[in-house]
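Colleague: Before I use any of these labels in my notes, can you walk me through them? I'd like to hear what sits behind each one.

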Amino acid sequence: MKVQIKSITQWGGVLLLSFSSCYVNANKLIKPNILFIAVDDLKPLIRDYGTAKVQTPNIDKLASQSTVFTRAYSQYPVCGPSRMSILTGLRPESNGIMNLKDKIRDVNPSVITLPQFFKNNGYETAATGKIFDPRNTTSRSEEEVLSWSIPYQRPKHGLKGKTRLAVESIDEPDEKFVDGGILKRGKKLLKQMANKNKPFFLAVGFKKPHLPFVAPKKYYDLYSRESFDLASYQSAPEDADTTYLFHKNQELRGYKPTPIKGGEIKPYPKGKLSSAHQKELLHGYFASVSFIDSLVGELLEELEKTGQAENTVIVFWGDHGFHLGDHGLWGKHTTMEQANHVPLIIKIPGSKANRYAKPVELLDVFPSLTEAAGLSIPNNLQGTSLVSLVTGKLKSIDKVAISQYKRKGAYGYSMRTEQYRYTQWVTPSGKVVYRDLYDLINDPLETKNIINTPEGKLLEVELNKQLHTNSAGLKRLK
């Protein structure tokens with residue numbers, strides 16, 4: 001039997017949210033399902049974030065029905081630590097994962113992951129594709145048993161293109177690619193889980209637009225390569241020390257550009273990439289994003305077909321940002337805006353569409369989903385529930401977003417406020433060896449470090465205090 005619930009109420013002492021419909025069976029309210037969609041290396045490029053050129057009609061449709069967090073940030077600009085942070089609700093230094101080598105159950109045996117929490121609270125849990133970074137979990141193992149009630153199946157191999165080619169258009173159907181196989185498994189799991197008499201938590205992790213940018217030709221055909229505009233600012237910020245800020249595009253340089261006129265495949269030349277190489281990379285990235293958009297659309301269509309859409313909370317997120325030529329950088333691995341700014345879209349049925357423009361963190365997803373399911377939020381979580389923003393109960397919350405990275409033996413702690421990005425690089429002993437500050441309202445491209453200007457010196461007093469006030473879980477920040 002279906003019932004309408006139009007207000008916040010109590011059921012057996014548990015807080016329930018304003019869903020348009022829930023389901024009652026044998027006098028029990030079945031909690032909302034969770035569809036958890038992760039996309040690897042996806043920066044906030046969709047139209048709802050202001051990028052008119054990109055073609056993402058399906059994600060745009062989801063955004064039009066959801067709360068779009070336009071200032072959401074990852075906690076670490078690397079796949080493994082970022083994913084482990086959102087999946088544990090803890091900052092990287094608190095959960096113990098700050099690289100791609102350590103295993104979560106080795107460094108933090110008793111941690112409760114997000115899917116494990118839902119499994120422990122009566123949910124059917126399953127995943128396909130890249131959710132945890134496998135480099136941070138014990139092989140075929142404990143994590144799969146603890147987190148997933150339906151055995152995890154690794155994605156089958158698909159078309160990968162030529163060896164180490166950064167950009168490649170292949171004239172084959174979607175299902176022949178790895179992400180096409182992830183979608184197929186996701187749709188199968190949706191059907192299977194929707195037919196059971198218990199709520200489900202389904203995580204689907206798509207791998208593109210991670211390098212290499214290999215995608216079906218039809219998505220490349222959506223764009224004209226020559227129409228892409230290169231990043232307008234491709235230099236180091238004025239008065240900045242790139243020792244800590246920059247990398248040498250090592251990830252990109254592990255791949256190679258398309259050979260000219262069918263010649264030998266050679267590495268990217270040293271120094272700044274040519275305009276032709278940059279446009280090729282932009283074409284590949286945008287085509288890969290449109291490919292994933294199509295798969296997301298099919299997944300959401302399948303959810304509708306199951307009849308469970310009205311009782312399903314949807315979270316769509318990217319694990320970190322991605323430099324696309326700004327400051328001469330390609331990839332992630334920095335404390336700067338473009339490496340940490342991520343898409344975050346949350347849909348709670350019955351809630352109005354909304355845009356929220358103040359800082360939030362991926363760290364906030366664990367407590368948000370917990371509250372949305374009517375469960376008690378674990379007291380060890382370090383994020384803040386965003387449910388009150390989605391439901392309209394609150395217009396804003398007082399919060400900053402903190403990302404971190406390690407380079408040259410120092411820990412970079414980067415705080416995003418509504419207007420500023422303030423970063424301290426700290427040694428293990430607590431000594432500050434470098435600082436930078438950008439006014440992102442007046443200088444959105446981070447062209448000038450203003451830390452040593454008269455204005456910057458005054459601002460830093462308050463920003464330093466704010467950073468330390470919000471330093472829970474940041475162990476080297478003293």
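**Talking through the labels**

Modeller: Let's start with Leu474. Setting aside neighbours within four places in sequence, Leu474 is in contact with Arg91, Glu93, Ile402, Gln404 and Tyr413. Bear in mind that this is a predicted model.

Colleague: Where does Leu474 lie, and why does Leu474 count as buried or exposed?

Modeller: Leu474 lies in the segment after H15. The cut-off for buried is under 20% relative accessible area, and Leu474 has 4% relative accessibility, so Leu474 counts as buried. As for Ile402 among those contacts, Leu474 and Ile402 are 72 residues apart in sequence and 9.5 Å apart in space, C-alpha to C-alpha.

Colleague: On to the strands. What makes S18, S19, S20 and S21 a sheet, and what is their order?

Modeller: Two strands pair if there are at least two bridges between them. S19 (residues 410-416) and S20 are joined by 6 bridges, and S20 pairs with S21 (residues 432-439) over 7 bridges. Both pairings are antiparallel. The whole is an open sheet of 4 strands in the order S18-S19-S20-S21.

Colleague: Why do you put S18 and S21 where you do in the sheet?

Modeller: S18 (401-407) and S21 each have a single partner strand, so one side of each is left without a neighbour in the sheet, and they stand at the edges. From one strand to the next, the twist averages 15 degrees.

Colleague: Which residues can I use to check the register around S20?

Modeller: Try Val426, which is the bridge partner of Tyr411 and also of Val432 in S21. Tyr420 has Asp439 in S21 as its bridge partner.

Colleague: What joins these strands, and how many residues are between them?

Modeller: S19 and S20 form a hairpin with 3 residues between them. The hairpin of S20 and S21 has 5 residues between the strands, and there Gly430 takes a positive phi near 100 degrees.

Colleague: What makes S20 mostly covered?

Modeller: In S20 (residues 420-426), 7 of its 7 residues are buried. Tyr420, Tyr422, Gln424 and Val426 point one way, Arg421, Thr423 and Trp425 point the other way, and all are buried. H15 (residues 454-469) lies across S18, S19, S20 and S21, running at about 70 degrees to S20.

Colleague: Now the helices. Why is H7 called roughly parallel or roughly antiparallel to H11?

Modeller: The axes of H7 (residues 178-194) and H11 (residues 275-306) come within 10 Å and cross at roughly 15 degrees. Angles under 35 degrees count as roughly parallel, and that makes H7 roughly parallel to H11. Their crossing is right-handed.

Colleague: Which residues meet there?

Modeller: Among them are Leu183, Leu190 and Lys191 in H7, and Phe291, Leu295 and Glu302 in H11. The residues of this contact divide into 8 nonpolar, 3 polar and 5 charged.

Colleague: And why do H1 and H11 get the label they have?

Modeller: H1 (residues 57-64) and H11 pack at an angle of about 55 degrees, with their axes 7 Å apart. Roughly parallel needs an angle under 35 degrees, and roughly perpendicular starts at 65. H1 and H11 are therefore oblique to each other. Pro57, Asn58, Ile59 and Leu62 in H1 meet Asp293, Ser294, Val296, Gly297 and Leu300 in H11. By class, that contact has 5 nonpolar, 3 polar and 1 charged residues.

Colleague: Last topic: the backbone. What makes the peptide bonds before Pro209 and Pro212 cis or trans?

Modeller: Look at omega. From Lys208 to Pro209 omega is near 15 degrees, and the bond is cis. From Leu211 to Pro212 omega is near -5 degrees, again cis. Pro209 sits in the loop between S10 (200-206) and S11 (213-216), and Pro212 is in the loop between S10 and S11 too. Most peptide bonds are trans.

Colleague: What about Asn249 and Glu446: what is phi there?

Modeller: Phi of Asn249 is near 55 degrees, a positive value in a residue other than glycine. Glu446 also has a positive phi near 55 degrees. Most residues other than glycine have a negative phi. Asn249 lies in the loop between H9 (242-245) and H10 (250-253), while Glu446 is in the loop between S21 and H15.

Colleague: Are they buried or exposed, and how do you know?

Modeller: At 7% relative accessibility, Asn249 counts as buried. Glu446, at 2%, counts as buried as well.

Technical notes. Residues numbered from 1 in each chain as written. Predicted model: local features only at pLDDT ≥ 70, side-chain atom pairs only at ≥ 80, totals over all residues. Heavy atoms only, no water. Axes fitted to C-alpha atoms, helices over the stretch in contact; angles between N-to-C directions. Helix = DSSP H or I, 4+ residues; strand = E, 2+ residues; numbered from the N terminus. Parallel < 35°, antiparallel > 145°, perpendicular 65-115°, else oblique. Left-handed = near helix turned anticlockwise from the far one by under 90°. Contact = heavy atoms within 4.5 Å. Nonpolar A, V, L, I, M, F, W, Y, C, P; charged D, E, K, R; others polar. Buried < 20%, exposed > 50% of the residue type's maximum accessible area, 1.4 Å probe, protein only.
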